[in-house]
There are 2 protein chains.
Amino acid sequence: MQTKILLPEDRIPKQWYNVIPDLPGPLAPVIHPGTMQPVTPDDLLPLFPMPLIEQEVSQQRWIDIPEAVREIYQLWRPAPMFRAHRLEKALGTPAKIYYKYEGTSPAGSHKPNSAIPQAYYNKISGTKRIATETGAGQWGSSIALACQMFGLECTVYMVKVSFNQKPYRKSMMQLWGAEVIPSPSNRTNSGRSILAEHPESNGSLGIAISEAVEDAVSREDTRYALGSVLNHVCLHQTIIGLEAKEQMALVGDYPDVVIGCHGGGSNFAGIAFPFIADKASGKKVRVLAMEPLSCPTLTRGVYAFDYGDTAKMAPVAKMYTLGHDFMPPGIHAGGLRYHGASPLVSQLVHAGVVEAKAVAQLACFEAAVLFSRTEGIIPAPESSHAIRGAIDEALQAKEEGKEKTILFNLSGHGHVDMAAYDDFLAGHLTDYEYPAEAIKESLAHLPKVG
Amino acid sequence: MQTKILLPEDRIPKQWYNVIPDLPGPLAPVIHPGTMQPVTPDDLLPLFPMPLIEQEVSQQRWIDIPEAVREIYQLWRPAPMFRAHRLEKALGTPAKIYYKYEGTSPAGSHKPNSAIPQAYYNKISGTKRIATETGAGQWGSSIALACQMFGLECTVYMVKVSFNQKPYRKSMMQLWGAEVIPSPSNRTNSGRSILAEHPESNGSLGIAISEAVEDAVSREDTRYALGSVLNHVCLHQTIIGLEAKEQMALVGDYPDVVIGCHGGGSNFAGIAFPFIADKASGKKVRVLAMEPLSCPTLTRGVYAFDYGDTAKMAPVAKMYTLGHDFMPPGIHAGGLRYHGASPLVSQLVHAGVVEAKAVAQLACFEAAVLFSRTEGIIPAPESSHAIRGAIDEALQAKEEGKEKTILFNLSGHGHVDMAAYDDFLAGHLTDYEYPAEAIKESLAHLPKVG
């Protein structure tokens, strides 16, 4: 019985897929946070090297992957796909469940798919140092690895609560040569102003982004890097879905529904966009984003212009948002605690091309435990949201007595998240109430654009 | 430039390789610890199911891998092999360095290669529950996973110092449904007698083995499982080297030297034995076992009959040993802290077929950091001993201006060992002095056989 579907090592895709030409309408402009006018490529140069700015706005459907990037991709790509026979059996479902597994990268998640090209394009553009932020540490560890590979310095502003609670990913960054600073810090004006008001602040992704952006624009040799949300990040991640399509074709199958967890959007876009391309050319496939109920950007946010960060230094984009000063509860899936969402994913959700569902924390851990005990692989808490989505689809198929082919993205392993599983198994985890009041309040502070 | 060498998913070997027929002489008998006479298969039945006992003494060169085992192997097998281009460049060596990577298994190490068949053979033989021990937790987590896959109960006696210092692997075992007990415990006579004498005892692998053996023999429904040392464990692990040989052939290469780290012998045997077969048929290849200087079984021990455990309950085998009551210093490579060694590996070392070298802890961490920063993958502290060996061989090739092809086994990732890297990078690690006096004392207590 075939469980694993591998691609040969020379079948790593040679191009990324850019969804922009296949969007249901034109993409809204990105707005400069100072002038409130549409940003120009020149506005972005203090933040990003030109090749990434070009990718951010490119209308080309296919973009070549540099050979130097493909060489490093070989460390974990092509990534394996599995048929979840044992999970199917445990659920008693007629559905077929496939998952693409991104946890075999050196950092244990899908994040290096974008970190490697970002470091590469910075290197060839003369950048000496990268400043970035990280929540749970998956992006921070990946960009640290990528900078090490290309000989760049790296400074990571890590959300303070994760810095203290997730020491292993911090250690990974340091082993790969990065400087890791708990955020809010006194290294930046944004950090200092938060600390002045809230000396005990545990930080947030929005604050850490403000610090990293400020660091980058204040030094000539430094650029900023973001691990999600942006178009070029989604672009790089499409290698996941491109491989997955080839792998499904190898076993003569095609999904009825494609599922990814959603925080900023990078891992979701990675598995989903290549199937959006099929959808755009008339193929029937559902595409489903799973987000945490405690930070329900796509399902409870508004589709509006908002800042990417708390201190209003990052560009303003049209996206689903809970408000840039929304502070999500401290759930274990730290990588999904972001007030905004990828503008690309947002537009697709708004147009009804992509479905979105919010799920509670405990239901996700239940799904992750069942998955660990049937499929063996221990998922990252973020990935557990996709598993929950896949299991619910499979159970629905069982109820309806229907066949169905489900594909989901298992974005990373949970080997450094075991404390979360301990808490869950000991019964110490609770579901947070849906933060309706906090969202209402932060949504009152959206910027006015145009 | 090709970095990764994959085998297609249908090329998982169908047979394990048994080195016994290719040994330089007959294997010494295993002795019953009670009678001091050679054990019979019946003596072993309280410990192991019959199929494993048969494998332990089999003279067949090739042994079929059950289809149910191969199905689960697919979760991480065939395992990737890599050419370490970036490490070679950093060393400036003319040598080619290849490594086989076992860290993509659900448990993050090579240990499931034997855990899965052990659980399978127990299941089909009617075992309901497995008792075992674990040091750093690599074996414990793997057997917990395997028992979960085949519906067996599992109790793991975990060396207390690891139970307290390596909470993540303990959590993995619990997530996979195992009961984890810090050893020495008050669950067994052996545990209670240690605690009576040393209430603060941190435990050792030898003590934990005693507890697990006592647990297994005291319950009809329970058998014992060991993650290293035994012939059948080495047999299962040969899948590593069998795949590696095929992969090297795919790129038209063959190693001059094959290297593995050595604790009890399972990971070393896994990569090495299939090359021993070549050596036995006249092929020129060196085979090198790397062990820690603080527990230098193969290089400073004696080749003699000794107990496999501290409480003298486990069988007595002819092997390299430092004495069954030797207590190695608490180095970070917990998986290499064993007083004895695989009888198969021991015989090969004694006959001069296998070379052995001991290396100090700091030199291994230096190698691991260089490896992490060039190849990207963070090695388990155990695996770092093999990396040190490979680097030293490559540097020697550079000094001699000679070409050389090096293959080593990267037995696992270090994502749950980051505290050790923190200590190393902060300069808190030291090398232990070679424990000459302690070894001398424990060697005075060897049993008299025959």
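1. A nonpolar core, as the term is used here, is a set of buried Ala, Val, Leu, Ile, Met, Phe, Trp, Tyr and Cys residues joined through side-chain atoms within 4.5 Å. Please keep in mind that this is a predicted model. With that in hand, the largest such core has 194 residues. The residues with the most contacts inside it are A:Tyr99, A:Phe408, B:Tyr99, B:Phe273 and B:Phe408, so the list draws on chain A and chain B.

2. A:Phe408 is worth a look on your screen. Leaving aside neighbours within four places in sequence, A:Phe408 is in contact with A:Ile97, A:Tyr98, A:Tyr99 and A:Lys100, and also with A:Ile259, A:Phe371, A:Ala386, A:Ile387 and A:Ala390. Another core, of 33 residues, lies apart from the largest one; A:Cys234, A:Leu242, A:Ala269 and A:Tyr320 are among its members.

3. Now to the interface. Chain A and chain B bury about 4,300 Å² between them, with 58% of that on carbon and sulfur atoms. On the chain A side, A:Tyr168, A:Leu175 and A:His415 lose the most area to chain B, together 18% of what that side buries. The contact involves 50 residues of chain A and 51 residues of chain B.

4. As for polar features, 26 residue pairs are in polar contact between the two chains (both at pLDDT 80 or more), while the count of salt bridges is zero.

5. Which elements of chain A give two or more residues to the side that touches chain B? They are strand S1 (4-5) and helices H3 (67-73), H6 (138-150), H8 (167-175), H15 (361-375) and H17 (418-425). By class, this side of chain A has 27 nonpolar, 14 polar and nine charged residues.

Terms used: Residues numbered from 1 in each chain as written. Chains lettered and ligands numbered in written order. Predicted model: local features only at pLDDT ≥ 70, side-chain atom pairs only at ≥ 80, totals over all residues. Heavy atoms only, no water. Contact = heavy atoms within 4.5 Å. Buried area = accessible area lost by both parts, 1.4 Å probe. Salt bridge = Lys/Arg side-chain N within 4 Å of Asp/Glu carboxyl O. Polar contact = N/O pair within 3.5 Å; in protein donor to acceptor, adjacent residues only side chain to side chain. Helix = DSSP H or I, 4+ residues; strand = E, 2+ residues; numbered from the N terminus. Nonpolar A, V, L, I, M, F, W, Y, C, P; charged D, E, K, R; others polar. Buried < 20%, exposed > 50% of the residue type's maximum accessible area, 1.4 Å probe, protein only.
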